[in-house]
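The exercises below are meant to be worked with the sequence and the coordinates at hand. Each task is followed by a solution that proceeds step by step.

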Amino acid sequence: MEVYGAGVVQDFLVVLAPQPNVPLSEAGWDGMVEETGNAEDTWADAYKSPELDGASPRLIAWGAAASADLMCWDASAEDPAAWPVLVFNRGKIQFSRYDCGMVAFLVRLLQGDFPECPLGDVTLWGLGQAAFKKLG
C-alpha cells in the first residue's frame with residue numbers, strides 16, 4: 001500500500017485503501033469496512049475449502065472484483081507478513097485459503113500460477129501484465 005496505494009487492476013479488481021479499526025459509526029460504511037462486513041456476513045453461510053474447515057479467521061477485506069469475489073487477509077496472526085489470503089469465489093459460494101500475501105497473490109493470479117483460477121471470472125487469470133489505475 002505504501003508503494004502503489006488503492007486502485008483498480010485492469011478495471012476489474014479494486015484494491016481497497018486501509019481504514020482505521022474503529023466502530024462502524026466512526027469509520028463510515030464504504031471501502032474496506034464495507035467489504036469486510038460483507039465478507040464476515042458471507043463467511044457463516046459459505047462453503048469452505050478443506051483447509052478452512054473449523055477455521056474462525058479474523059477477516060480484513062483488501063480487494064473486490066467486478067465478479068463480486070472478495071479478497072481478504074486472515075489477520076489472526078500478530079505479524080501482518082504472515083497473513084494468508086482468503087478468497088470468496090462468488091460463483092462457487094466458497095472461501096479458499098492461499099498461503100501467500102496480497103502482492104504474491106496478485107502476481108500469481110496474473111501469471112496463472114494456481115492449480116485453477118481463484119476468482120469466479122478469468123479476466124486477470126494468466127494475463128501476465130495488467131494496468132493499474134491509482135484511486136484518489
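**Exercise 1.** Determine whether Ser96 is buried or exposed, and describe its surroundings in the model, which is a predicted one.

*Solution.* Begin with the accessible area: Ser96 has a relative value of 13%, and since buried means under 20%, Ser96 counts as buried. Next, place the residue in the fold, where Ser96 belongs to strand 7, a strand that spans residues 94–98. Then list the contacts, leaving aside neighbours within four places in sequence: Ser96 touches Ser49, Glu51 and Leu52, and also Val85, Leu86 and Val87. Finally, look for polar partners of the side chain, and a polar contact of 3.2 Å to the side chain of Gln94 appears.

**Exercise 2.** Work out the order of the strands in the sheet, and state which strands lie at its edges.

*Solution.* Tracing the pairings from one side to the other gives an open sheet of eight strands in the order 3-7-6-5-4-2-1-8, with mixed pairing. Strand 3 (47–48) and strand 8 (132–134) are the edge strands, as each of them pairs on one side only. Helix 2, formed by residues 31–43, packs on this sheet and touches strand 3, strand 4, strand 5, strand 6 and strand 7, while its direction makes about 105 degrees with that of strand 4.

Now follow the neighbouring pairs in turn. Strand 4 (residues 59–65) pairs with strand 5 in the antiparallel sense over five bridges, and within this pairing Ala64 stands opposite Leu70. Four residues separate the two strands of this hairpin, in which Ala68 adopts a positive phi near 70 degrees. Strand 5 also pairs with strand 6 (residues 85–89), again in the antiparallel sense, over four bridges, with Leu86 as the bridge partner of Cys72. Strand 6 is in turn joined to strand 7 by five bridges, the two running antiparallel, and here Leu86 faces Arg97.

**Exercise 3.** Decide how far strand 5 is covered, and treat the two faces of the strand separately.

*Solution.* The side chains of a regular strand alternate between the two faces of the sheet, so the residues can be sorted into two sets. On one side are Leu70, Cys72 and Asp74, on the other Met71 and Trp73, and every one of these residues is buried. The count agrees with this, as five of the five residues in strand 5 (residues 70–74) are buried. The loop that leads from strand 5 to strand 6 contains Ala77, which is partly exposed at a relative accessible area of 34%. Beyond its neighbours within four places in sequence, Ala77 is in contact with Ala82 and Trp83.

**Exercise 4.** Explain why the structure holds zero disulfides, using the sulfur distances of Cys72 and Cys117.

*Solution.* The criterion requires two cysteine sulfur atoms within 2.5 Å. For Cys72, the closest cysteine sulfur is in Cys100 at 14 Å, which is too far for a bond. For Cys117, the closest cysteine sulfur is likewise in Cys100, at 13 Å, and this too is too far for a bond. The structure accordingly holds zero disulfides. As for accessibility, Cys72 is buried at 0%, and Cys117 counts as buried at 12%.

**Exercise 5.** Find how many salt bridges there are, and describe where the partners of the pair Lys92 and Glu116 lie.

*Solution.* The search looks for a side-chain nitrogen of Lys or Arg within 4 Å of a carboxyl oxygen of Asp or Glu, and the count comes to three salt bridges. One of them joins Lys92 and Glu116, with an N to O distance of 2.4 Å. Lys92 lies in the loop between strand 6 and strand 7, and Glu116 in the loop between helix 3 (102–111) and strand 8, so this pair ties together parts that are 24 residues apart in sequence. Both partners are partly exposed, Lys92 at 41% and Glu116 at 46%.

Another bridge links Arg97 to Asp99, with the closest N and O atoms 2.5 Å apart; Arg97 is partly exposed at 32%, whereas Asp99 is exposed at 62%. The remaining bridge is between Asp113 and Arg108, whose closest N and O atoms are 3.3 Å apart. Here Asp113 is partly exposed at 39%, and Arg108 counts as partly exposed at 28%.

Conventions: Residues numbered from 1 in each chain as written. Predicted model: local features only at pLDDT ≥ 70, side-chain atom pairs only at ≥ 80, totals over all residues. Heavy atoms only, no water. Buried < 20%, exposed > 50% of the residue type's maximum accessible area, 1.4 Å probe, protein only. Pairing = 2+ DSSP bridges. Contact = heavy atoms within 4.5 Å. Axes fitted to C-alpha atoms, helices over the stretch in contact; angles between N-to-C directions. Polar contact = N/O pair within 3.5 Å; in protein donor to acceptor, adjacent residues only side chain to side chain.
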